[in-house]
Amino acid sequence: MSEHSQTHAIVAGAGPVGMTAALLMARGGVRVTVLEAGGSLAGESRASTFHPPSLEMLDELGVLEPLMERGLVSTGFQYRDRRTGPIADLDLGVLSDDTRFPFRVQLEQSKLTPIILEVLEGMDDVTVHFGQRVVRAETDGTTATVTTEAGDTFTADWVLGADGANSQVRQTAGFTFEGMTYPERFLVASTTEDLESILPGISAVNYVFDPTEWLVLLRTPEHWRVLFPTDPSTPDEVESDPVRVQERLRGVADLGREWQVLHTTLYRVHQRVADTFRRGRLLLMGDAAHINNPLGGMGMNSGLHDAYVETRALLALIRGAGTREQLDEACEARREVALSYVKTITHDNWEKLRQDDPEAIRAYHDELRELAADRERMRRHLLNTSMINSLRSGKVVDMVGVQP
Ligand SMILES: O=C(O)CCc1cccc(O)c1
């Protein structure tokens with residue numbers, strides 16, 4: 001065995017970020033132990049969009065084909081006004097010189113993890129343990145150790161904390177997680193109704209502006225999702241009440257009958273970023289390192305990019321081809337993306353969706369129409385919304401209305 005193949009990394013969390021990191025490390029010749037709290041891979045899925053850079057990374061890992069077979073290719077998206085209808089359709093095809101994948105793939109994140117698990121199961125030196133919730137992580141300079149709820153202890157050269165927003169790796173190892181919580185919770189209703197026939201001309205992804213009740217309408221291969229903001233002063237039970245959900249859906253389109261609703265999810269939304277993504281031999285990535293609002297579909301995607309960038313720097317260090325300083329630079333670059341790019345764009349999306357100043361609304365709609373009519377301006381906008389710029393530079397944010 002070569003020296004680097006003896007290196008051992010623990011990955012806490014078998015979500016899309018942890019599984020991607022595990023595959024990258026294993027492909028790099030590292031022995032990998034994945035510890036997942038659940039008894040199996042998580043079935044529930046918040047994220048449902050794969051942006052072009054994520055598709056490139058998953059292609060490099062050899063897992064894109066099965067993902068594309070299950071997913072829905074969306075070549076553009078639409079901005080709409082709740083009251084007046086379509087404002088602008090943006091065409092991701094303008095990115096054809098920037099990426100091999102000038103489109104989004106609409107697919108629940110829970111469809112990616114079984115694809116990667118199947119690959120990991122066929123690899124030597126990879127072990128995936130389910131029912132092993134990491135509750136403590138520590139590092140002493142030469143090793144990193146985690147303890148699980150079951151009382152087991154695992155020691156390795158490195159621990160990659162991909163254990164989600166409530167990360168115990170982050171919380172027990174002294175990282176901070178500063179930021180803010182939005183006043184309203186987000187309500188997502190998944191429906192089997194065919195929104196394309198209800199609202200002809202809509203895209204697979206639609207951002208619908210309204211000062212009081214903005215929306216996101218999003219198609220996945222199996223159903224549509226309708227995202228609403230909720231009144232901050234109303235209890236959860238009221239917002240989740242099926243009668244109330246029907247009332248809100250009726251406001252989107254009155255079908256003259258009840259909407260077919262599969263399920264609803266109500267959740268709090270935050271913007272938080274850890275103070276550092278590396279402490280000793282502990283690395284943070286994905287929701288364990290940063291959380292943001294879902295408007296723009298950047299959460300899971302930026303987590304996949306963390307996994308890619310951080311593990312490349314770590315593998316270089318393990319092989320003697322990179323330094324700790326370069327690993328720190330990689331982690332800091334990802335932190336900068338979380339702060340200056342993902343947070344900026346997703347927060348701006350929230351502000352634009354709920355804008356209530358008629359003059360600002362008019363000006364923004366005009367800007368979007370001009371953007372849609374000018375392919376070079378549209379390309380510059382889409383380089384940001386598709387997260388291509390986030391990997392070119394953490395500081396490039398050149399969206400309509402967002403100052404660099
Ligand atoms: O902007 C996107 O592509 C995703 C928006 C979104 C919001 C809430 C739930 C969800 O599944 C997607």
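Trainee: What makes both faces of β5 count as covered?

Mentor: In this predicted model, Gly76, Gln78 and Arg80 on one side of β5 and Phe77, Tyr79 and Asp81 on the other are all buried, where buried means under 20% relative accessible area, exposed over 50% and partly exposed in between, with a 1.4 Å probe and protein chains only. The two sides can be told apart because in a regular strand the side chains alternate between the two faces of the sheet. Strand β5 (residues 76-81) is thus called mostly covered, with six of its six residues buried.

Trainee: Which limits apply to such statements in a predicted model?

Mentor: Local features need pLDDT of at least 70 and side-chain atom pairs count only at pLDDT 80 or more, while totals for chains, interfaces and linings use all residues. Residues are numbered from 1 along each chain as its sequence is written, and side-chain values use heavy atoms, with hydrogens and water left out.

Trainee: How do you know that β5 and β6 pair?

Mentor: Two strands pair if DSSP finds at least two bridges between them, and β5 and strand β6 (residues 85-91) have six bridges in the antiparallel sense. One of the residues involved is Arg80, whose bridge partner in β6 is Pro86, and a hairpin of three residues joins β5 to β6. With strand β15 (residues 205-209), β5 pairs in the parallel sense over four bridges, and there Tyr79 stands opposite Tyr207.

Trainee: Why are α1 and α4 called roughly parallel?

Mentor: Helix α1 (residues 16-27) and helix α4 (residues 112-121) pack at an angle of about 25°, with their axes 9 Å apart. Angles under 35 degrees count as roughly parallel, over 145 as roughly antiparallel, 65 to 115 as roughly perpendicular and the rest as oblique, and α1 and α4 are therefore roughly parallel to each other.

Trainee: Which residues of α1 and α4 meet?

Mentor: Contact means heavy atoms within 4.5 Å, and by that rule Pro16, Met19, Thr20, Ala22, Leu23 and Arg27 in α1 meet Leu112, Thr113, Ile116, Leu117, Val119 and Leu120 in α4. These residues divide into nine nonpolar, two polar and one charged.

Trainee: What makes β3 and β4 edge strands?

Mentor: The open sheet of three strands has the order β3-β7-β4, with antiparallel pairing. Strands β3 (49-50) and β4 (72-74) each have a single partner strand, so one side of each is left without a neighbour in the sheet. For β4, the pairing with strand β7 (residues 104-106) runs over three bridges, and Ser74 stands opposite Arg104.

Terms used
Axes are lines fitted to C-alpha atoms, for helices over the stretch in contact, and angles run from 0 to 180 degrees between N-to-C directions. Helices (H or I, at least four residues) and strands (E, at least two) are DSSP runs, numbered from the N terminus. Ala, Val, Leu, Ile, Met, Phe, Trp, Tyr, Cys and Pro count as nonpolar, Asp, Glu, Lys and Arg as charged, and the others, Gly among them, as polar.
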